[in-house]
Amino acid sequence: MGLALLSLVLMFADSRSDYMARVRYYVGFVVTPLHYVAELPGRGLDVVGGLFESRNQLQRENARLQEQLLIQQYQLQKLEHLTAENRRLNELLNASTAVKEDVVRVEMVGESPDPFAKRILIGKGSTDGVYIGQAVFDAYGLMGQVVEVAPLTSWVLLITDPQHATPVQINRNGMRAIASGTRDSLHLLNLDNIPNTADVQVGDELVTSGLGERFPAGYKVGVVSSVTNDPGKPFATVVVNPTAQIDRSRNLLLAFDSRIRPVVDGNLEHGPVSADVSPDTGVIVGNPVEGPNATSAAGEPANPQTVPTTEISEAAGTTLPTTPLQDATPQTEVGNSDATAEANNVDEEADNTLVPEPLTVPADEGAN
Amino acid sequence: MPPLNGQPKGFWVIAVSILLAVILGIIPLPEWLQVWRPEWVSLVVVYWVIALPHRVGLMLAWIVGFLLDVLEGSLLGLNAIALTLIAYIALNLYQRLRMFTPLQQCATILMLVGLQQLLIFWVHTATGQNTPRNLMFVGSAFTSALVWPLVFVLLRYWRRSLHVS
């Protein structure tokens, strides 16, 4: 009886507060090595499979990779040019928040044994500087964010989990929306509260909008796969296919956002955002992904994402709010669709819009 | 419950079997198989409760469940209460369970693991986590019942050959 009571208290404390994070952290230190043990058989199979890979196969793969590298380097040149141009334009607008992001490769070590929880475990933890809220990508798009940090591993909540909502915007017309996960085992996203008359088409690309201060702006999230206008429902049903290979990728990228870490290089030449930026100055102005997409659409089947290769200086014109005061403006300005979406995702948004929060997290973890 | 170290002999056998079950429980599986993954930890805990009710009880079940919660990143205390619940039922039924035919034992395991899954399902729903729309969440109860004879025979053989009592 006492045990049951204790469990109930624990469950309540865990779902309502962050207090239990400490307990998890220290117990996790002891038990997480088990995940590595559980991973061993699969890893062993990979190794054995690698032994028997034929020379022919390797050569073919090598050729394919080299071709891919060539294409991506070409796209990178274009990207650098676009980034510079973007920065200049943003300077003209006096609206630049040039952010330099570092990415670190990280391997997935496991996933939640609960078949309905869309969470994965990655092989870096607080000792590597991972912090809660950190964005996780694969080579094709946004995967999720870190929700729990242990010393050597961290849990990542995937963007397709129903508890997760991602602030996105449509690449084509800059319309903002919230993409939330779905309640089944499929890896799909829904756009919340999209009016039946909104300009959303099948095939539209969605990128992170950078609103909410959680994800860097301009990274691919998904492609609209169906739009259903049911007259009986107040909003359209918009289904989005995530571009990230959510159930297949093993090699992931952790984005370290320099906004919440001390900047070492001289990238702050543009200074902080001036407070009088009107919220709609650059909704689609700065979009580093746009360039490479346009070029790759022409022909190559290769992966158009150039993100992983280097750090990308991203001149986000997407009204990145720097103060809570400013943050309020773009949201009220969005119009009814997003205003209601915001209301629906109060938890997520409230969590995200707290600007000082990301500042405190790494400091806190570092102290231990 | 009497403390576990009252009879130190063979404690490591119980610990190792539970550890193996935990590892089997988190080995990555293809997505379609995950729903059918047997609840190895529950089976092993139930076995030890039936075999050594004077040594293995609710406290051990709770601790194992708690570690499982941390390991799986689930709500803290959820697996703990679910495991404690089925250990409690098994503890009340152990004399009858020992007399049951294998088929009857399997049916009991089906009920126990089904109950455990149902409890977890409830809490998941109550806390707004992802839950299946259909009855797939009891899938693991069926596979658990299927593999129970294997677990039972293996653990009994192990226990007897190492004289754990």
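These questions and answers look at how chains A and B touch and how chain B is built.

This is a predicted model, where local features need pLDDT of at least 70, side-chain atom pairs count only at pLDDT 80 or more, and totals for chains, interfaces and linings use all residues. Residues are numbered from 1 along each chain as its sequence is written, while chains are lettered from A and ligands numbered from 1 in the order in which they are written.

Q: What makes residues of chain A and chain B count as in contact, and how many do?
A: Their C-beta atoms, placed from the backbone, must lie within 7 Å. By that rule, 39 residues of chain A are in contact with 33 residues of chain B. Helix 1 (2–16), helix 2 (21–31), helix 3 (33–51) and strand 1 (98–111) of chain A each give two or more residues to this side.

Q: What counts as a helix, and how many helices has chain B?
A: A helix is a DSSP run of H or I with at least four residues, and a strand is a run of E with at least two, numbered from the N terminus. Chain B has 7 helices and 0 strands.

Q: How do you know that the span of helix 6 of chain B agrees with its number of residues?
A: The expected span is 1.5 Å times one less than the number of residues. Helix 6 (residues 102–126) has 25 residues, so 36 Å is expected; its end C-alpha atoms are 36 Å apart, which agrees.

Q: Why is B:L112 called buried?
A: Buried means 20 or more other C-beta atoms within 10 Å of its own (exposed: 12 or fewer; partly exposed: in between), with C-beta atoms placed from the backbone. B:L112 is one of the buried residues of helix 6 of chain B. Those buried residues pack against helix 1 of chain A, together with helix 3 (40–51), helix 5 (78–99) and helix 7 (139–161) of chain B.

Notes
Two residues are in contact if their C-beta atoms, placed from the backbone, lie within 7 Å.
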